[in-house]
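Me: Please go through the backbone outliers, helix packing and one pocket of this protein.

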Amino acid sequence: MSDVLSSKFDLSGKRVFVAGHRGMVGSALVRRLAKESVAEVLTETRANLDLLNQSSVDTWMLDNKPDVVLLAAAKVGGILANSTNPASFIYENLMIEANLIHAAWKVGVKKLVFLGSTCIYPKMAPQPIKEESLLTGPLEPTNEWYAIAKIAGIKLCQAYRKQHGSDFISVQPTNLYGPGDNYDLQASHVLPALIRKAYEAKAANAKELVVWGSGKPLREFLHVDDLADAVIFVTKNYSAAEPLNIATGEEVSIGDLARHVCKAVGFQGNLVFDSSKPDGTPRKLADCSNLHALGWNNARNLETGIAETFANALKTGELTTSMRLSA
Ligand code: GDP
């Protein structure tokens, strides 16, 4: 990593476009960028910029000419949403990436950071998963559509770096949680789903809470504000073709995660494991040694992060609003 360590990029005075600023990751990036001395943080509404439409993206990029693009726009969803809408997940993600990366090159963007996911790695990759495991084996079938699109995004960054010398990098965050998460049980990831289930179970004085699958799969979880901090750090300090994992290095079983959530929410009933629901990949722990070698480490622990997220969701109405909408 020594040549990588010397790759300094100065963010100060730059015009930074956050693509996907209304999403969980994009909004965290906007919050984090407020602490930087950038010239301007550019964001755009869907009405003025349709990321699925190449000419809309080309025109917007020409008009605005950002120096830096943080590509956080994506169609995202949990295990159920991915398996039931494969076409939407592969098509929309491919279009967003291809349109933005190509336009970024055309207008001379100086740095682009593409946000991928650790689900790009093979289902049976040796754990903890190193970046070089990419494309060494079959993917987890429940999210392969999304994963294939994200792999294409990584390859686009590598191709533009190779052919045009563009400083386009890709980062692979682990499972995220925090403000702006999706609390709709049909589309959400496990952590917000469990927060909502525990909240509802407590309110209803229920005896039990249903956890999908066996509870045995292992996952790690990173608070989205910590991810945003890491992304800004790597924007300034990383420049290489290889994707870079961003994670905590600490794993938890889904069963224990459910126990942490129940504690934070104050639900004291029993957990019931519904084996008719899929477990997904058995273990997903990212190797963060490259990120640590660059000098970034995660500060917040999971229990604190869950308690903070629950308190924030209550305060902002995030939890109750999405419950009303999907009721
Ligand atoms: P994944 O990390 O891509 O597999 O996506 P998820 O976050 O959706 O699921 C992670 C694990 O949590 C899987 O084993 C799920 O079966 C399990 N899980 C347990 N309860 C729930 C739930 O209520 N919602 C979701 N989405 N997953 C759950």
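The turns below take these topics one at a time.

Me: What kind of model is this, and how are residues numbered?
Reply: Side-chain values use heavy atoms, with hydrogens and water left out, and residues are numbered from 1 along each chain as its sequence is written. The model is predicted, with local features needing pLDDT of at least 70, side-chain atom pairs counting only at pLDDT 80 or more, and totals for chains, interfaces and linings using all residues.

Me: Which residue has a positive phi although it is not a glycine?
Reply: Most residues other than glycine have a negative phi. The exception here is in the loop between helix H3 (54–64) and strand S3 (68–71); helices (H or I, at least four residues) and strands (E, at least two) are DSSP runs, numbered from the N terminus. With a phi of about 35°, the residue is Lys65.

Me: What is omega at the cis peptide bond that joins Gln127 and Pro128?
Reply: Most peptide bonds are trans. Pro128 lies in the loop between strand S4 (111–115) and helix H6 (144–164). For the cis bond from Gln127 to Pro128, omega is about -15°.

Me: Is the crossing of H7 and H9 left-handed or right-handed?
Reply: Helix H7 (residues 190–203) packs on helix H9 (residues 254–265) with axes 9 Å apart and an angle of about 45°; axes are lines fitted to C-alpha atoms over the stretch in contact, and angles run from 0 to 180 degrees between N-to-C directions. H7 is therefore oblique to H9 (under 35 degrees is roughly parallel, over 145 roughly antiparallel, 65 to 115 roughly perpendicular, the rest oblique). A crossing is left-handed if the near helix is turned anticlockwise from the far one by less than a right angle, and right-handed if clockwise. The crossing of H7 and H9 is right-handed.

Me: Which residues of H11 meet H9?
Reply: H9 and H11 pack with their axes 9 Å apart, at an angle of about 50°. H9 is therefore oblique to H11. Contact means heavy atoms within 4.5 Å, and on the H11 side it involves Leu302, Glu303, Ile306, Ala307 and Phe310.

Me: Which element gives the most to the lining of the second largest pocket?
Reply: A pocket is an open set of points on a 1 Å grid over the protein atoms alone, where a 1.4 Å probe fits, with protein on both sides within 12 Å along at least five of seven lines; lining residues have an atom within 4 Å of a point. Strand S9 (221–223) and helix H11 (302–316) each supply at least two lining residues. With three residues, the element that gives the most is S9.
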